[in-house]
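Me: I've got a model open and I'd like to learn how to read it. Could you take me through it one feature at a time?

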Amino acid sequence: MESPPTVRLFTLHPTSGVPIYRQLVDQVRRLVASGQLAPGTELPSVREVASEYTVNPTTISKAYSLLEGEGLLQRNRGKPMTIASSRQKSGSLPQRLRQIEPQVEALVLAARQLDLDSAELCHFIGKKMGDAS
Amino acid sequence: MSEPVVIAQNLGKAIGRDTILRDVTVAAARGSVVGIIGKNGAGKTTLMDVLLGFSPATSGSSQLFGHDSFTLPGQIRGRIGFAPQQDELVNMLTGRQHVELTAALLGRWNRALASRLQGAWGLPMDRPVQKLSGGERQKLSTLLALGHDPELLVLDEPVAALDPISRRQFLQELLDIAANPQRTVLFSTHIVSDLERVADQIWIIRGGTIVWAGPLDHLKESVARLHITARQPLPATLPTTLRATLSAAVPRLEVLSMRVAGSRATAVVAHWDEAALAPLREALEADIEVESLGLEDIFIEFHS
């Protein structure tokens, strides 16, 4: 029953307003677009994810099927699903920017409410990204 | 979708002059985990009682495995496991004696599953039930409902008396049990965050009526809180205008609640569609931020 201890690959919030399958799809897309999940990387099974996060396997399986439909994941008989090998290591810049658009829209809205202009916001983001690297 | 294991059609239940259930139409497909939520007294327990045939419906019909609930043949009853909210354990008997009795009565028992659960839940089996804590009684009651490998498992508030660690263990077990695609689970709870983990279908019951029945994912995607900021102060008559504009933009849209103050308004809507955002922004000449809601907020909004 016990699965070996693993480092959590995803951050899932069951109580969020965003359905769990949606959270998973968005994260895999981002991790693939940024190259953090390289082609051929094995993903944990539906059962492993469901058990690790104590969530209904149906929602995980729905996410994997959607990603497979998009050509991002590859199903392998009797083996774990992998990041599809046909994909480039990372998406083009416009593709990657599209992935982050929802977060940017929310950020822009908050910035407007706080009366921050784009130069101030860009400076702040630059600083944050510099700090993180 | 596979064949429904549980079907209720226009189900009604009245006791004396009180209507407890009104026009309930729901179905649970094989393999699904249905979470039932409602306020105290909303009719959750009565719904389970009527669905299981413990109490006759006063109108409409309900079926389990294709048979009328109230006249279920014995062999169909044997495919169902039920743990009531108030356990029906016998105080002077031990857990082990309860297990032996239940196994003998039902004629089949999954000893491996039962002993695994006993161990995992740390259930003392040789103590009279009288000496068990509330949580231990609840675990025993659930074990008795599970031990014969039922195809339909109905649990009324199974985690109410459990501490957070036992609750999480129980949810994990429930997920393992529900992983069998032949098994259907119906359970009620007030702990909304548990439903968000375990249920794939949600029934929201309010005043004896089902106000939502469908996939949890769909519920979360379909209910949204709109934060509307207009360029100028909004008139007092806005709620009416806004409702009309919103309904015109998304035909099935239902406004659950709305508040207006100055140039800002907040509306919670059901059957929301992201495609309506751009036309709505234009029609209202306003910035609109869409906030998705967790199940607890959605539940509260259905009661506002």
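Here is a walk through chain A, the interface and some helices.

Reply: Happy to. Keep in mind that this is a predicted model.

Me: Let's begin with chain A. What pattern do its helices and strands follow along the sequence?

Reply: Along the sequence, chain A reads α-α-α-β-β-α-α. That gives five helices and two strands.

Me: Into which domains is chain A divided?

Reply: Domain 1 covers 20-83 and domain 2 covers 93-132. Taken over C-alpha atoms, the centres of the two domains of chain A are 27 Å apart.

Me: How much of chain A is buried?

Reply: Of its 133 residues, 20% are buried. As for contacts in chain A with a separation of 6 or more, 58% of them join residues 24 or more positions apart.

Me: On to the interface. How many residues of chain B are in contact with chain A?

Reply: 20 residues of chain B are in contact with 16 residues of chain A. On the chain B side, the elements giving two or more residues are α6 (164-178), α7 (192-198), α8 (216-222) and β14 (286-292). By type, that side of chain B divides into seven nonpolar, four polar and nine charged residues.

Me: I'd like to check a helix by its length. Why does the span of α6(B) agree with its number of residues?

Reply: Count 1.5 Å a residue, using one less than the number of residues. The 15 residues of α6(B) should therefore span 21 Å, and its end C-alpha atoms are indeed 21 Å apart.

Me: And which residues of α6(B) are buried?

Reply: First, the general idea: an α-helix has 3.6 residues a turn, so residues three or four places apart point the same way. In α6(B), the buried ones are B:Phe170, B:Leu171, B:Glu173, B:Leu174, B:Leu175 and B:Ala178. Those buried residues pack against α2 (46-53) of chain A, and also against β3 (33-38), α4 (111-121), β8 (184-188) and α7 of chain B.

Me: Last one: how do I read two packed helices?

Reply: You describe them by the angle between their axes and the distance between the axes. Take α9 (residues 238-249) and α10 (residues 277-284) of chain B: their axes come within 10 Å and cross at roughly 150 degrees. The crossing of α9(B) and α10(B) is right-handed.

Me: Which residues make the contact?

Reply: From α9(B) come B:Thr245, B:Leu246 and B:Ala249, and from α10(B) come B:Pro279, B:Leu280, B:Ala283 and B:Leu284. Six residues of this contact are nonpolar, one is polar and none is charged.

Definitions and conventions: Residues numbered from 1 in each chain as written. Chains lettered and ligands numbered in written order. Predicted model: local features only at pLDDT ≥ 70, side-chain atom pairs only at ≥ 80, totals over all residues. Contact = placed C-beta atoms within 7 Å. Helix = DSSP H or I, 4+ residues; strand = E, 2+ residues; numbered from the N terminus. Nonpolar A, V, L, I, M, F, W, Y, C, P; charged D, E, K, R; others polar. Domains from an automatic or database assignment. Buried ≥ 20, exposed ≤ 12 C-beta atoms within 10 Å, placed from the backbone. Axes fitted to C-alpha atoms, helices over the stretch in contact; angles between N-to-C directions. Left-handed = near helix turned anticlockwise from the far one by under 90°.
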